[in-house]
Amino acid sequence: MSKVHLIDHPLIQHKLTLIRDKTTGAKDFRDLVSEISTLMAYEVTRDLPLENSTVETPICVSEAKVISGKKVGIIAVLRAGLGMVEGMLRLIPTAKVGHIGIYRDPETLRPIDYYCKLPSDVNERNLIIVDPMLATGGSATCAIRFLKDKGATDIKLVVLVAAPEGIKMVQENHPDVDIYAASIDKCLNSHGYIVPGLGDAGDRLFGTK
Ligand code: PRP
Ligand code: URA
């Protein structure tokens, strides 16, 4: 069974409260989502392997560590995942970025996919899927399936707000994918929105609706 990592650093909790606030406008919402993503990138990359190297400081030559192993790919689930990309790239600037377009049918809540553009070597990368919301889990489950169909074997899912229902669906379908969340909220409402949540992340990021 995959692990759920709750990244509840005080700075993240504070910024999350600000984006939950319905009076927070699109610009602040975008900035805060980006900042939280940077803070989460720090935790998500905690297990990147290191190798020994040397460095010549102004004083002497010293043993040193550098990151080794596979390269990173950041996969944004459109639209709202776009809001997390810049924040992640701030800490992992050499990552390649892929995009998977998925939206929820408002009636059935089932994921509808409409776009996919991935780095050609996704199968050789440590992949980090970013999407602010994990609600029913349909979109994340579908995005992970896309990546696995392209040969990806090392996938993490990073969300800001997760519902227990979404965590359950991802864990049942993809027990090898760890989930990183800034909050695990109470439940979904009858329209499939996370309670208390923050509303529609895509609309709040881009000022639509
Ligand atoms: C939101 C969100 C997730 C999805 C989560 O996207 O960004 O992708 O809903 O819901 P689920 O877990 O029930 O699938 P949305 O469908 O609103 O598309 P958008 O980002 O283009 O607005
Ligand atoms: N998608 C969102 O943007 N918000 C929710 O609460 C659920 C799905």
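Which residue has a polar backbone atom 2.8 Å from an oxygen atom of ligand 1? Keep that in mind for a moment, everyone, and hello. One thing to say early: what you have in front of you is a predicted model.

So, the answer. The residue is Gly137, and the atom in question is a polar backbone atom, 2.8 Å from an oxygen atom of ligand 1. Let's stay with that ligand. There are 15 residues around ligand 1, and those that come nearest are Arg79, Arg104, Asp131, Thr136 and Ser139. Ser139 uses its side chain: a polar atom there lies 2.6 Å from an oxygen atom of ligand 1. Ala135, by contrast, offers a polar backbone atom, which is 2.9 Å from an oxygen atom of the ligand.

Let's move on to ligand 2. Its surroundings are Arg104, Met133, Ala135, Gly192, Tyr193, Ile194, Gly199, Asp200 and Ala201. You have met two of those names already: Arg104 is one of the residues that come nearest to ligand 1, and Ala135 has that backbone atom 2.9 Å from a ligand 1 oxygen. For ligand 2 I would like to point out three backbone contacts. Ile194 has a backbone N or O atom 2.8 Å from an oxygen atom of the ligand. Ala201 has a polar backbone atom 2.8 Å from an oxygen atom of ligand 2. With Gly199, the ligand's partner atom is a nitrogen, and it is 2.8 Å from a polar backbone atom of that glycine.

Now for some backbone geometry. As a bit of background, most residues other than glycine have a negative phi, and most peptide bonds are trans. Here are some places to look at with that in mind. Where does Arg79 sit? In the loop between β4, residues 71–78, and α3. The peptide bond leading into Arg79 from Leu78 is cis, with omega near -5°. And yes, this is the Arg79 we listed among the residues nearest to ligand 1. Another cis bond runs from Val195 to Pro196, with omega near 0°. Pro196 is found in the loop that joins β12, residues 194–195, to α6, residues 201–206.

Then there is phi. Leu109 is not a glycine, yet its phi is positive, about 65°. You will find Leu109 in the loop between β5, residues 96–104, and β6, residues 111–117. Lys209, in the segment after α6, also has a positive phi, near 85°.

Last, the helices. Helix α2, residues 26–44, packs with helix α3, residues 82–91, at an angle of about 45°, and their axes are 7 Å apart. The two are therefore oblique to each other, and their crossing is right-handed. By class, this contact has 6 nonpolar, 5 polar and 2 charged residues. From α2, the residues taking part include Val33, Ala41 and Tyr42, and those they meet in α3 include Met84, Met88 and Leu91.

What about α4 and α5? Helix α4, residues 138–149, and helix α5, residues 164–173, pack at about 25°, with axes 8 Å apart. These two are therefore roughly parallel to each other, and α4 passes α5 in a right-handed crossing. Gly138, Ala140, Thr141 and Ile144 of α4 meet Met169, Val170 and Asn173 of α5. Which class is missing from this contact? There are 4 nonpolar and 3 polar residues, but no charged ones.

That's my tour. Thanks for listening!

How values were computed. Residues numbered from 1 in each chain as written. Chains lettered and ligands numbered in written order. Predicted model: local features only at pLDDT ≥ 70, side-chain atom pairs only at ≥ 80, totals over all residues. Heavy atoms only, no water. Axes fitted to C-alpha atoms, helices over the stretch in contact; angles between N-to-C directions. Helix = DSSP H or I, 4+ residues; strand = E, 2+ residues; numbered from the N terminus. Parallel < 35°, antiparallel > 145°, perpendicular 65-115°, else oblique. Left-handed = near helix turned anticlockwise from the far one by under 90°. Contact = heavy atoms within 4.5 Å. Nonpolar A, V, L, I, M, F, W, Y, C, P; charged D, E, K, R; others polar. Near = heavy atom within 4 Å. Polar contact = N/O pair within 3.5 Å; in protein donor to acceptor, adjacent residues only side chain to side chain.
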